[in-house]
Amino acid sequence: MNDGIVNVGVIGTGMIGSLHAGILSGRINGARVVAVMDLDGDRAAAAAANCGGARVFADAGALIEAADVDAVLIASPDAFHAKGALACIAAGKPVLCEKPMATTRADAERILRAEIAAGRRLVQVGFMREYDRAHRALLDLLRSGDIGRALRFRGIHMNPYRSSHATVATVIVNSLIHDIHSARFMMGAEITEAFVRWVPAIPKDARSARYAIIHISFDSGAIGTLEWSGDSGYGYEVEVEITGENGAAGTTGVHSPILRQGGTRSQAITPDWPDRFFDAYVDELAAWTGSVLAGQATGPSAWDGYMSLVVAEACIKSTESGQPEPVAGMERPAMYLPRGA
Ligand code: ISE
């Protein structure tokens, strides 16, 4: 890092890992990918070649410990995130861990306590919507006070067909985790209660999920809904609407032109998340690289990763009880001051 370049090791070279590796090596001046790891050797080799000849590892721990790796990006399957993040903290290496930070509240708490014990922030969580320009414009408007006190948050998260989201619990931890974070971050408030209703994807499999709505309450007194589809039938759409005392505002995440032709008006919607959030990933990786070079972690923290799992656990309990469930995390440690504060 002494040449002003962060040498990054990437764990997991699937869809998101190879996207991150390509952005880091091709678009971020302050970063280079020097190591990649994946259990699929061919996939790792292809990613390494795409990054100008990075070293290929078969073991994540060896990559994290490698002397020439300054910082780590974890993009492995969700179940391996917590182990990797803990290993990075133990090695004292900054890590951008893709969401979810962990798949259970208990593992998320282990990571949080390990970072507190380390005495400094090392973890950033891959909640890239914070870097989406439509979300940032809405947040700036909300923070300007133009619409007054926020009363309601509505998250809309419409996916094209998703075979990977087998159960409503998996949907909550893997996908709705984005919306849980956006709600907390943009409202500047903690969620205190969650109530989940959903429509099964497979009529005979009550735990499968085609459409889900999470009803939430905030400690500010505001309320909200997080709406998710596993097969929108029209593409990929993520939007946020916030209603305040003096008005309402929403993201305009669809940037394609409006076409008027043949008696209709139409607008193209992105086919999936890499298209909709590519610019956000670039901005996220540029910000992360800058924070590593500055030695001061910024962006979504291990606290955000932990609280998203605290909320997710309450949501899963609600799917089992059929009732609204309380959300209660630990006291916010001093090293995680409210961001934007
Ligand atoms: C995926 O893992 C993501 O992170 C996308 O942002 C989200 O929209 C999608 O539902 C997830 O499966």
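For sorting residues by class, Ala, Val, Leu, Ile, Met, Phe, Trp, Tyr, Cys and Pro count as nonpolar, Asp, Glu, Lys and Arg as charged, and the others, Gly among them, as polar. The model is a predicted one, where local features need pLDDT of at least 70 and side-chain atom pairs count only at pLDDT 80 or more, while totals for chains, interfaces and linings use all residues. Residues are numbered from 1 along each chain as its sequence is written, and side-chain values use heavy atoms, with hydrogens and water left out.

Now to the ligand. Around the ligand sit 11 residues (each with a heavy atom within 4 Å), and His-157, Asn-159, Ser-175, His-178 and Tyr-236 come nearest. By class, this shell splits into three nonpolar, six polar and two charged residues. Polar contacts here are pairs of N or O atoms within 3.5 Å. His-157 has a polar side-chain atom 2.7 Å from a ligand oxygen, Asn-159 has one 2.9 Å from a ligand oxygen, and an N or O atom in the side chain of Lys-99 is 3.0 Å from an oxygen of the ligand. On its own the ligand has 300 Å² of accessible area (Shrake-Rupley, 1.4 Å probe), and the protein covers 90% of that.

The ligand takes up the space of the largest pocket; sitting there means that more than half of its atoms lie within 2 Å of the grid points. On a 1 Å grid over the protein atoms alone, a pocket is an open set of points with protein on both sides within 12 Å along at least five of seven lines, whereas a cavity is a set where a 1.4 Å probe fits but cannot get out; lining residues have an atom within 4 Å of a point. The volume of this pocket, as filled by probe spheres set on the points, is about 1,100 Å³. Its lining runs to 43 residues, with Ala-75, Ser-76, Pro-77, Asp-78 and His-81 nearest the centre. Helices (DSSP runs of H or I, at least four residues) that give two or more residues to it include α1 (15–27), α7 (168–174) and α9 (273–294), but the largest share, four residues, comes from α4. Overall, the pocket lining holds 19 nonpolar, 16 polar and eight charged residues.

As for closed spaces, there is one cavity of 30 Å³ or more, with a volume of about 50 Å³. Among its lining residues are Arg-129, Glu-130, His-135 and Phe-185. α6 (133–144) and α8 (176–187) each supply at least two of the lining residues, and α8 gives the most, with four. The classes come out as three nonpolar, three polar and three charged.

Key
Polar contact = N/O pair within 3.5 Å; in protein donor to acceptor, adjacent residues only side chain to side chain.
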